[in-house]
Amino acid sequence: MTIRYLKEGKPAAARAEDDAKTRAIVEAGLKDIEERGDAAVREMSVKFDKYDRTSYRLSDSEIDALVAKVGDRDMDDIRFAQTQVRRFAQAQRDSMLDIEVETLPGVILGHKNIPVQSVGCYVPGGKFPMVASAHMSVATADVAGVPRIIAATPPFKGEPNPAVIAAMKLGGAHEIYVMGGIQAIGAMAIGTQTIDPVHMLVGPGNAFVAEAKRQLFGRVGIDLFAGPTETMVIADETAADAELCATDLLGQAEHGYNSPCVLLTNSDRLARDTMAEIERLLAILPTADTARTSWEDYGEVIVCDTYEEMLQVADNIASEHVQVMTDRDDWFLENMTCYGALFLGPRTNVANGDKVIGTNHTLPTKKAGRYTGGLWVGKYLKTHSYQKVLTDEAAADIGAYGSRLCLLEGFVGHAEQCNVRVRRYGGLNVPYGAPAPYKEAAE
C-alpha cells in the first residue's frame, strides 16, 4: 500500500511566513480602529478600497436606487437562490427544539434556543461580487430570528455592487455598509462612533478577513475560521474523467491566488490525464491568471492504492469542499469524518452548492473541519439551559446530594446554598458547613 504525490503544493513553512505577515498587519489595523474609530475606518477604506465617503452606511434611498439597477431576471435568480437557502435553513431550524423534562419528581430541566441578538455579516467582493454570500449569512440569520443584522461588503470596481446590495436587502439586513477587509470586520466587532458593535461575526473572506475574525474571537463570537477556498476531488475511473476532475478543481482555484485544490484518486492514468487537462483548460479560462497561481502553488495530485487510503488522506487534509465521484460515493458519506461539505456524484458540483442549491457555502478551512461544521441556522442560536425545583421534597432531596458533593470538593459556600434549602424545605437541622445527612440517617 502506497500513497504517491504526483504534485505537491507550497511548503508549509512558506505558508506560515505569509500567515505571520498577515497577522501583524491585522493586529495593527484593529488597534487603530479601536483607538480612532470612524477616522481609522475611513483611512483604511481610502487606502485599500480607494473608496471615500462621509458615512459608509448606505441610506434607504441609496439601497433602493442600487436595487433598481438589478435586472428583473437577475432579481428572479436571486430570489430563487434565497428561497432554496431559506427552505433548508428553516428545515434545520425546525429540527432544533426547545425541551423541558422532569428528571426527578418535582425537578424540571430544560433548554431554550435563543437567537444571537446582533450579527455582522461580511460579504466578500473585492475580486468578484459574491452575491451568494449574502444569502448564506444574511438570509440564514433572518431565518434564525436575529433581531439586528448588519452587513458589510467592499466596493466592486469603485462602487457598491447592485446585485450584492439587493441580495443583502432581500435577505433581511437592517444596516448595510460599503466596507471591506480589516476595516469592515473591525468596525462591526469593535464598534466606532457611528456603528454599534455586534455580538457575532459571520462570513467568508480573504486571509486578512479570516485573521481579523481570529483575533477578535472571544470579544465577539464567530461562525468559524473561513479562510481561502479549498477543494478536493476524490475520483476513480468508474465515475469521472479528466474533464470533470480538472473543471471541478479549477472552478475553485479561480477564487484566489492561494486556494488549495487537491485531486485524490486510485488511478495513475486519471491523475496524469487530469493534470494535462488542467493545462489545456488554463489556456482558455478567462480567470486563468488567478487559477494558475493557485494550482501551481497549492495544487496537489495524490494517488493511492486503495479506497481506505483515499479515505485516510481525505480525513487528514479535511478540505472545505469535497467532490466525490467514485463507484462508492455513499461509502465515503458514511465513513468520512473531517470535511466542510460533501458533493456526491458526477451530477453534483461545488458551484451549485456555492450559489443556489440551498446548503450553506460558508465552510471550515485549514483543517477546521476536524472540529466544526459550516455556517448554518444553528450557529445563530444559543442553547441556554434552565432549572426549576417545584416541591419541598425535591428541594431537600437534591439539596442533600448537592451539599455532600460540594463538600467533597471543599466548597463550603456552595454546600450552604444546598444546606439552607435542606433546612428550610426538608426540616433538617444541618450544622453550618456540615454535609447533609443521607436519607436513611435522617429518618
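Buried here means under 20% relative accessible area, exposed means over 50%, and partly exposed is in between (1.4 Å probe, protein chains only). This is a predicted model, so local features need pLDDT of at least 70, side-chain atom pairs count only at pLDDT 80 or more, and totals for chains, interfaces and linings use all residues. Residues are numbered from 1 along each chain as its sequence is written, and side-chain values use heavy atoms, with hydrogens and water left out.

**Exercise 1. Get your bearings.** Work out how many helices and strands the chain has, and what share of its residues count as buried.

Solution.
- Step 1: Helices (H or I, at least four residues) and strands (E, at least two) are DSSP runs, numbered from the N terminus. By that count the chain has 17 helices and 14 strands.
- Step 2: The chain has 443 residues, and 51% of them count as buried.
- Step 3: For the overall extent, the C-alpha trace spans about 90 × 65 × 45 Å along its principal axes.

**Exercise 2. Look at the annotated binding site.** Find out which residues UniProt lists for "binding site", and where Tyr122 and Asn206 sit.

Solution.
- Step 1: The unreviewed UniProt entry lists Tyr122, Gln183 and Asn206 under that label. UniProt positions are given in the numbering used here, feature names are shortened, and annotations may be inferred rather than shown by experiment.
- Step 2: Tyr122 belongs to strand E4 (residues 118-122). Its relative accessible area is 5%, so Tyr122 is buried.
- Step 3: Now for a polar contact, meaning a pair of N or O atoms within 3.5 Å; within protein, one must be able to donate a hydrogen and the other to accept it, and residues adjacent in sequence count only if both atoms are side-chain atoms. The side chain of Tyr122 gets to the backbone nitrogen of Gly181 at 2.9 Å.
- Step 4: Asn206 is in the loop between strand E7 (200-202) and helix H8 (207-216). With a relative accessible area of 43%, Asn206 is partly exposed.
- Step 5: Asn206 also caps the N-terminal end of H8, with a side-chain oxygen 3.0 Å from the backbone nitrogen of Phe208.
- Step 6: Follow H8 along. Its buried residues are Val209, Ala210, Glu211, Ala212, Lys213 and Leu216, and just after H8, Gly218 takes a positive phi of about 110°.

**Exercise 3. Pack two helices.** Decide whether H2 and H7 are roughly parallel or roughly antiparallel.

Solution.
- Step 1: Axes are lines fitted to C-alpha atoms, for helices over the stretch in contact, and angles run from 0 to 180 degrees between N-to-C directions.
- Step 2: Helix H2 (residues 38-49) packs against helix H7 (residues 181-190) at an angle of about 155°, and their axes are 8 Å apart.
- Step 3: That makes H2 roughly antiparallel to H7. The bins are under 35 degrees for roughly parallel, over 145 for roughly antiparallel, 65 to 115 for roughly perpendicular, and oblique for the rest.

**Exercise 4. Trace the strands.** Give the sense in which E2 and E3 pair, and the strand order of the open sheet of six strands.

Solution.
- Step 1: Two strands pair if DSSP finds at least two bridges between them. Strand E2 (residues 99-104) and strand E3 (residues 107-115) do so in the antiparallel sense over five bridges.
- Step 2: Glu102 stands opposite Ile108 in E3. This hairpin has two residues between its strands, and Gly106 takes a positive phi near 85°.
- Step 3: The open sheet runs E1-E11-E10-E9-E12-E13, with mixed pairing. Its edge strands, each pairing on one side only, are strand E1 (3-7) and strand E13 (341-344). From one strand to the next, the twist averages 20°.
- Step 4: Inside the sheet, strand E9 (residues 231-235) and strand E10 (residues 261-265) pair in the parallel sense over five bridges. Thr231 has Cys261 in E10 as its bridge partner.

**Exercise 5. Check two more sites.** Say whether Glu320 and Thr274 are buried or exposed.

Solution.
- Step 1: The "active site" annotation in the unreviewed UniProt entry covers Glu320 and His321. Glu320 lies in the loop between helix H12 (307-317) and strand E12 (321-325).
- Step 2: Glu320 counts as buried at 5% relative accessibility.
- Step 3: Thr274 is in helix H10 (residues 268-282). Thr274 is buried too, with a relative accessible area of 1%.
- Step 4: A polar atom of the Thr274 side chain lies 2.7 Å from the backbone oxygen of Leu270.
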